[in-house]
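The following exercises concern side-chain contacts, and each is followed by a worked solution. Please work through them with the sequence and the structure at hand.

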Amino acid sequence: MEVRLATGPLFLLLLLACTVNALQPDVSEVQGYTRLRSFKNSTLYQIQANTDYDTNPYLLHLVGSRYDIGYAYGYLMSAEIEFDYNALLSSLLGDKWYDPLVGAALGDALDWQWRDYLSRQLPVQYMLELQGIADGAGAQGCQVCGSYITRAVVLANAPGDVEDFVFILLREMFPNLNTTLPPRDAGGRGMGPSKHGLQCSMFAVWGNRTQGNALFSARNLDWNKDTGINKNKLVTVTVPNDGGNPSVQFGFVGLWGALTGMSSKGLTVHEANLEEDEITFEGFPWILRLRYIMEYASDISEARRLWEETNNTVGFNHMVASGPDAAAYAQGQAGPVALAMETMYEYTAYFADNDQREASATYTPSGGAPVHIGCPLAEAVWRTNHGYDPVIMKNYEWSLSPSSWSVQRYMFIHEALQSYENRNVKIGYMEALNITAIAGDKGDHAYICEDNTDGSNVLSVTFQPQDHIAYAAWERSSGANWRPATCSTYIKIDFTAWFQPNPPF
């Protein structure tokens, strides 16, 4: 398998140059913000931009104490919280969701996991926010919305496979039980999801690869598509008054925390599923842990320290990228500028750029010779849904074959970065968006937006954190008209003013 473009024939370089630039994602500038409703110092807006969405995203600006931030969220968004929770569960469970017994049983199970496990290591400020959400939504008549929010946190933290979730329950009920998840097939690993399933991607690039030595980072969420929640696309800006850094989080109403985000300090946070066989719910739920990193870290070293002081749960790949470290790097200081973190229960492997563990990683097919599956580069870090640390690879439950979709998408990112380097093209925001869009799941073809419902990319965000700018796209429409986020409009938003308590809008 050819993985290093510099060694390929000239016509392959020219072909790849064409494909890398083929997508040219649609980008729209914000034209304004329509104020919809307010509570105390917090306000809900709708973003005005030329897009192809049925309805444009909301922007919710939350200011005040932790309790007030939560209360405003619940008070202003209670109807949308209720709608999205029921739409999501209906999509995941089908008609059975409408059976009251099924709904009650699932709710009880999720409440149990939250109450007895995932909430136990959550810092008090986030518990105050969650109490505020419950009270604010309750004041609007939704007495169960607080539970809907915490159930969504549990679902976001769940592993990708049902038997993995069962393993978590076994570990909780029988803590002294010495067991691990069994191999998925006779070869010891399963192939993982099809091309259209639970998968994600992320990257960061900086230094000599970029225009002005700027940092660009990105995150794709490839997940359950067309669930109905894209009716309520949401950008949430939190400005706490207790010293935590203001930050922005992208996603959908009802998911409280950071699927991905950016802080006022210029740090970005990212996640991708990583199926490991050492997992637990006795830790810090990642969707709030990423917010914690944004709110209390000012650079990569502080982000790593905060990560090491808190506990992992289920296997995930995470990444933190730092604008301040990119600026220091441009002035000649050593990195790292971004860190990939491969995680499982009680174990994290940290990767900066051009890591030799990644370069030496191989996959050995049955009866065959080892094949290299890692291609790290200087001044770039990226991940899909597998890892490169030896311990992480040993405990990985899906396939590391070069034909697996995770390894293929890893190579798509590598090839795009290498193509720009080979052609002496400095990466700016448009090139960064191209890389983002290539990696997001659009169906069978990475370099084409086909006019069909293939793919599973529901959220795609590219960051320019030193300028507080983000380019965000969501899945659009539904049914036969559904299209993935990477084939929808990216909305460019400057958050400099939004990180203030009183933005001029």
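**Exercise 1.** Decide whether tyrosine 71 is buried or exposed in this predicted model, and classify its ring pair with tyrosine 67.

*Solution.* Begin with accessibility: tyrosine 71 has a relative accessibility of 18%, and because buried means under 20%, the residue counts as buried. Its partner, tyrosine 67, has a relative accessible area of 29% and is therefore partly exposed. Turn next to the geometry, where the ring centres lie 6.0 Å apart and the planes stand at 45°, so the pair is tilted. Finally, place the two residues: both belong to helix H2 (residues 66-93), where a spacing of 4 residues separates them by about one helical turn.

**Exercise 2.** Classify the ring pair of tyrosine 45 and tryptophan 498, and determine which parts of the chain the pair ties together.

*Solution.* The ring centres are 5.1 Å apart and the planes meet at 75°; since an angle over 60 degrees counts as edge-to-face, that is the class of this pair. Tyrosine 45 is located in strand S3 (residues 42-48), whereas tryptophan 498 is in the segment after strand S19 (490-494), so the contact joins parts that are 453 residues apart in sequence. Tyrosine 45 is buried at a relative accessible area of 3%, and tryptophan 498 is likewise buried, at 0%. As a last step, extend the view to the cluster, in which ring pairs link these two residues with Tyr33 and Phe505.

**Exercise 3.** Describe the contacts made by arginine 304 with glutamate 308 and with tyrosine 350.

*Solution.* The side chains of arginine 304 and glutamate 308 form a salt bridge with an N to O distance of 2.9 Å. Both residues lie in helix H8 (residues 300-308), 4 residues apart, about one turn of the helix. Arginine 304 is partly exposed at 34% relative accessibility, and glutamate 308 is also partly exposed, at 47%. The charged end of arginine 304 also sits over the ring of tyrosine 350, 3.8 Å from its centre.

**Exercise 4.** Set out the burial of the partners in the salt bridges arginine 219–glutamate 271 and aspartate 451–arginine 483.

*Solution.* In the bridge between arginine 219 and glutamate 271, where the N to O distance is 2.6 Å, both residues are buried. That pair ties strand S6 (residues 216-222) to strand S10 (residues 267-273). Aspartate 451 and arginine 483 also meet in a salt bridge at 2.6 Å, N to O; here aspartate 451 is exposed at 68%, while arginine 483 is buried at 11%.

Key:
Residues are numbered from 1 along each chain as its sequence is written. This is a predicted model: local features need pLDDT of at least 70, side-chain atom pairs count only at pLDDT 80 or more; totals for chains, interfaces and linings use all residues. Side-chain values use heavy atoms; hydrogens and water are left out. Rings of Phe, Tyr and Trp (its six-membered ring) pair if their centres lie within 6.5 Å; planes under 30 degrees apart count as stacked, over 60 as edge-to-face and the rest as tilted. Buried means under 20% relative accessible area, exposed over 50%, partly exposed in between (1.4 Å probe, protein chains only). A charge sits over a ring if NZ of Lys or CZ of Arg is within 6 Å of the ring centre and within 35 degrees of the ring normal. A salt bridge is a side-chain nitrogen of Lys or Arg within 4 Å of a carboxyl oxygen of Asp or Glu.
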